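Work through the exercises below with the sequence and the 3D view open. Each task is followed by a stepwise solution.

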Amino acid sequence: MCDGCQHSTHEKPKALLIDDVLRTATLDAALALPAAELYTFATDWEGVRVKGKWFLNTAVRKTTVREYRIVNVKAEPLDILVLCQEYESITPGYRMNKRHWISIQPGTDATEDLIQELVTDSYLLVVSSLPRAERPVDPATFEQQAQQKP
C-alpha cells in the first residue's frame, strides 16, 4: 500500500489468524474428519488422532517475550521444504520430527483455507499408512467426494 494512501484498488491485508482462532480452526477442521478423536494431554496440549495415529497436535509455545499457540501437522518431507519457504507462519515441527511434521503459528499468511488444507492433508497422510481394512476413508477419493458435497 502507498504511504498514507487510501485507494480502494489496493489489496487488503489478510486477516491475522490469532492464537485462539488458529486453535479453533484446526480442531474444527480435524474433528470434522471421519473417525478423528480428540485427546487432551495436559493444559494447553491437545492432539487429534485417527485409528490411534496422531495427525495433529496443538500446544502453547513459551518464549521470553510471549506465549503463543502453535499447531503441528504431518506433511510429506518435500512439501515441508516448500511450505516453510512459502509461508512465514510455517516452520519445521516444534518438538516433533522435523522431517515429517510442520508447525503453524499465528500470522497473516496462516489463513483458515490453508489450515483446512494442511489438516486434511495430514489426516490423509496418516490414513494412507493404515491397513486398508482400518481406513475410515479411501485417501485416493476422499477429497473428490468432499468437493462434491453441497
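## Exercises on a predicted model

Among contacts in the protein chain between residues at least 6 apart in sequence, 46% join residues at least 24 apart. The model is predicted.

**Exercise 1. Set out the fold of the protein chain and its overall exposure.**

Step 1. Count the elements: the chain has four helices and six strands.

Step 2. Put them in order from the N terminus: α-β-β-β-β-α-β-β-α-α.

Step 3. Take the burial figure. Of the 150 residues, 37% count as buried.

Step 4. Add the surface. The chain exposes about 9400 Å². Carbon and sulfur atoms supply 49% of that area.

**Exercise 2. Find which residues touch the most other members of the largest nonpolar core, and which elements build this core.**

Step 1. Start with the membership: the core holds 30 residues. Phe55, Leu56, Ile104 and Val119 touch the most other members.

Step 2. List the elements that each supply at least two core residues:
- helix 1 (19-31)
- strand 2 (45-50), strand 3 (53-62) and strand 4 (67-74)
- helix 2
- strand 6 (101-104)
- helix 3 (112-129)

Step 3. Pick out the largest share. Helix 3 provides it, with eight residues.

Step 4. Trace one hub, setting aside neighbours within four places in sequence. Leu56 is in contact with Thr26, Leu27, Ala30, Glu46, Gly47, Val48, Val71, Asn72, Val73, Trp101 and Val119.

Step 5. Recall the general trend. In soluble globular proteins, nonpolar side chains tend to be buried together.

**Exercise 3. Decide whether Leu81 is buried or exposed, and place it on the surface.**

Step 1. Locate the residue: Leu81 lies in helix 2 (residues 77-86).

Step 2. Apply the cut-off. Exposed means over 50% relative accessible area. Leu81 has 55%, so Leu81 counts as exposed.

Step 3. Look for partners. Leu78, Leu81 and Val82 make a nonpolar surface patch of about 330 Å².

**Exercise 4. Classify Asp109 as buried or exposed, then find what its side chain meets.**

Step 1. Locate the residue: Asp109 sits in the loop between strand 6 and helix 3.

Step 2. Apply the cut-off. Buried means under 20% relative accessible area. Asp109 has 15%, so Asp109 is buried.

Step 3. List the contacts, leaving aside neighbours within four places in sequence. Asp109 is in contact with Glu86, Tyr87, Glu88, Ser89 and Leu114.

Step 4. Check for a polar pair. A polar atom of the Asp109 side chain lies 2.5 Å from the backbone nitrogen of Glu88.

Key
Residues are numbered from 1 along each chain as its sequence is written. This is a predicted model: local features need pLDDT of at least 70, side-chain atom pairs count only at pLDDT 80 or more; totals for chains, interfaces and linings use all residues. Side-chain values use heavy atoms; hydrogens and water are left out. Patches are made of residues with over 30% relative accessible area and no salt bridge: like charges are joined within 9 Å, nonpolar side chains (Val, Leu, Ile, Met, Phe, Trp, Tyr) within 5 Å. Accessible areas come from the Shrake-Rupley method with a 1.4 Å probe; for residues, only the protein chains shown count as cover. A salt bridge is a side-chain nitrogen of Lys or Arg within 4 Å of a carboxyl oxygen of Asp or Glu. Buried means under 20% relative accessible area, exposed over 50%, partly exposed in between (1.4 Å probe, protein chains only). A nonpolar core is a set of buried Ala, Val, Leu, Ile, Met, Phe, Trp, Tyr and Cys residues joined through side-chain atoms within 4.5 Å. Contact means heavy atoms within 4.5 Å. A polar contact is a pair of N or O atoms within 3.5 Å; within protein, one must be able to donate a hydrogen and the other to accept it, and residues adjacent in sequence count only if both atoms are side-chain atoms.
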